[in-house]
Amino acid sequence: MPFPRFAGLRISVLSLALLAVPVAQAQDAGSGQPAPKVSIAAAVTEEILDDIAFIGRVEAVDKVELVARVTGFIREVNVANGATVSEGDVLFHIEPEQYEATLAARQADLAQAKANLALAQVEFDRKSQLVAKEAVAQSELDVARANRQVAEAQIAAAEAAIKQAELDVGYTRIVAPFDGAIGRTERSVGDLVGPTTGTLATLVRLQPMYVTFSISERQMISLQQQAQANDATVEDENSPYPVYVTLPGGMVLDEVGRLAFRDNRVNPSTGTIAVRAIFDNAENLLVDGSFVNVSITAQEPTPFLTVPQAAVQRDQRGEFVLVVSNQQIVEQRYIETGATHGVSIVVTRGLQEGEAVIVEGLQRVRPGVPVDPVLAGTGE
């Protein structure tokens, strides 16, 4: 569900100072005409549950391109395009007869090697007895010993060949390494495939899903400081930062994610750090490769100085407001702004709490002229 924008609202008593601004019918000095009426509002402090917005990209936790590890003709395609599969399901079956025959031949080689070893052992034992009786030379025993070692090596080689042949037979059955969804299958029954013929299909794990985005160094430091204040870390599973996602089309994902990873270096070209949030994706609404809007919500509300958005204007120098002084004189004040929250906008520089800004009647005044201010919304 959408996350709250405001944790609460605290309007400073300084805003009551607006009532002290004289609202009598002032006159424009030197003209004898009544000063123009304007509506004013105070710059007030609001307790805002701050959030930071980003553009993120959805990435699968596990994604694999299925490739044939042995060469052969496809006998069976057991999965449809876009199908959901489980770990261990046989997706493709390559004709195994060639590899089964190779396995049988390697098993025969092993049997022959064992027979050679038995014969070599008999010969070695005979030579040992004859040497003990000094009936033959020591060199003949040495030859028998070497023949026995050769036979032992042949057995080891045959056993290794059998393992490789068994692997090849197993590779004729291409199975799903994890639960997920299959993309478009690229091959049909009868196609000749192998390690160099490309991808058969792509398997993507649907649950959970990552959303990857980049944040500035300043934002990362702020998150770390808030985490340390709560005896946690940014990636603490037990004290996660709430991460919200807005899907294409404007739908806010009901699930709340958490930060699960941050890179170990700053990108020097952008000054940002790559971070990753993880979502359960129970309804499979997050799709690998799609772009989404991401928001990180602070754990505690923060006081911000705000003014109505209607008070803010812009020229070539930047954003400004028209401030009404205690003498009812208009002053142009350039400001720096932050995020918008409802009808208000955060002011980071240029104003103090309680100062009065014009929100209506801006077109009737200019800096340096007197005005007749009334509190916005009161009509007085």
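An open sheet of six strands runs in the order β13-β16-β3-β12-β15-β14, with antiparallel pairing. Its edge strands are β13 (243-246) and β14 (258-262), and each of them pairs on one side only. From one strand to the next, the twist averages 40 degrees. The model that shows this sheet is predicted.

**The chain as a whole**

The chain holds three helices and 24 strands. It has 380 residues, and buried residues make up 36% of them. Take the contacts in the chain with a separation of 6 or more: residues 24 or more positions apart account for 75% of these.

**Along the sheet edge**

Start at β14. Four bridges join β14 to strand β15 (residues 272-279), and the two run antiparallel. Phe261 stands opposite Arg276 in β15. In a regular strand, side chains alternate between the two faces of the sheet.

Thr272 is also found in β15. Which side chain makes a polar contact with the side chain of Thr272? The partner is the side chain of Thr270, at 2.7 Å. Setting aside neighbours within four places in sequence, Thr272 is in contact with Ser214, Ile215 and Ser216, and also with Arg265, Val266 and Asn267.

**A hairpin further on**

Strands β19 (residues 318-324) and β20 (residues 330-334) run antiparallel, joined by five bridges. One residue pair to look for is Leu322 with its bridge partner in β20, Gln332. The two strands form a hairpin, with five residues between them. In the turn, Gln328 has a positive phi of about 65 degrees.

**Two nonpolar cores**

The largest nonpolar core has 26 residues. Which of these residues touch the most other members? They are Val85, Leu91, Phe92 and Ile182. Four elements each supply at least two residues of this core: β7 (90-94), α1 (97-132), α2 (138-171) and β11 (199-204). The largest share comes from α2, with five residues.

Leu91 gives a good view of the packing. Apart from neighbours within four places in sequence, Leu91 is in contact with Leu66, Glu76, Val77, Asn78, Val79, Val85, Ile174, Val175, Ala176 and Ile182. Two of the names in that list, Val85 and Ile182, return from the set of residues that touch the most other core members.

Another core lies apart from this one. It has 24 residues, among them Met220, Val245, Val275 and Leu286.

**Salt bridges**

The count of salt bridges comes to 14. Three of them are listed here, with their N to O distances.

| Pair | Distance (N to O) |
|---|---|
| Arg205 and Asp62 | 2.6 Å |
| Asp109 and Arg106 | 3.1 Å |
| Arg349 and Glu336 | 3.6 Å |

Begin with Arg205 and Asp62, whose side chains meet in a salt bridge. Why does this pair tie together parts that are 143 residues apart in sequence? Arg205 lies in the loop between β11 and β12 (209-216), while Asp62 lies in the loop between β3 (51-60) and β4 (63-67), so the bridge spans that separation. Arg205 has a relative accessible area of 22% and is partly exposed. Asp62 counts as partly exposed too, at 27% relative accessibility.

The side chains of Asp109 and Arg106 meet within one element. Both residues sit in helix α1, three residues apart, which means that about one helical turn separates them. Asp109 is partly exposed, with a relative accessible area of 33%. Arg106 counts as partly exposed at 26% relative accessibility.

The third pair joins two strands. Arg349 lies in strand β22 (residues 344-349) and Glu336 in strand β21 (residues 336-341), so this pair ties together parts that are 13 residues apart in sequence. Is Arg349 buried or exposed? At 56% relative accessibility, Arg349 counts as exposed, because the cut-off for exposed is over 50%. Glu336, at 39% relative accessibility, counts as partly exposed.

Some salt bridges share partners. In this way Glu123, Arg126, Lys127 and Glu140 are joined into one network.

Definitions and conventions: Residues numbered from 1 in each chain as written. Predicted model: local features only at pLDDT ≥ 70, side-chain atom pairs only at ≥ 80, totals over all residues. Heavy atoms only, no water. Pairing = 2+ DSSP bridges. Core = buried A, V, L, I, M, F, W, Y, C linked by side-chain atoms within 4.5 Å. Buried < 20%, exposed > 50% of the residue type's maximum accessible area, 1.4 Å probe, protein only. Contact = heavy atoms within 4.5 Å. Axes fitted to C-alpha atoms, helices over the stretch in contact; angles between N-to-C directions. Polar contact = N/O pair within 3.5 Å; in protein donor to acceptor, adjacent residues only side chain to side chain. Salt bridge = Lys/Arg side-chain N within 4 Å of Asp/Glu carboxyl O.
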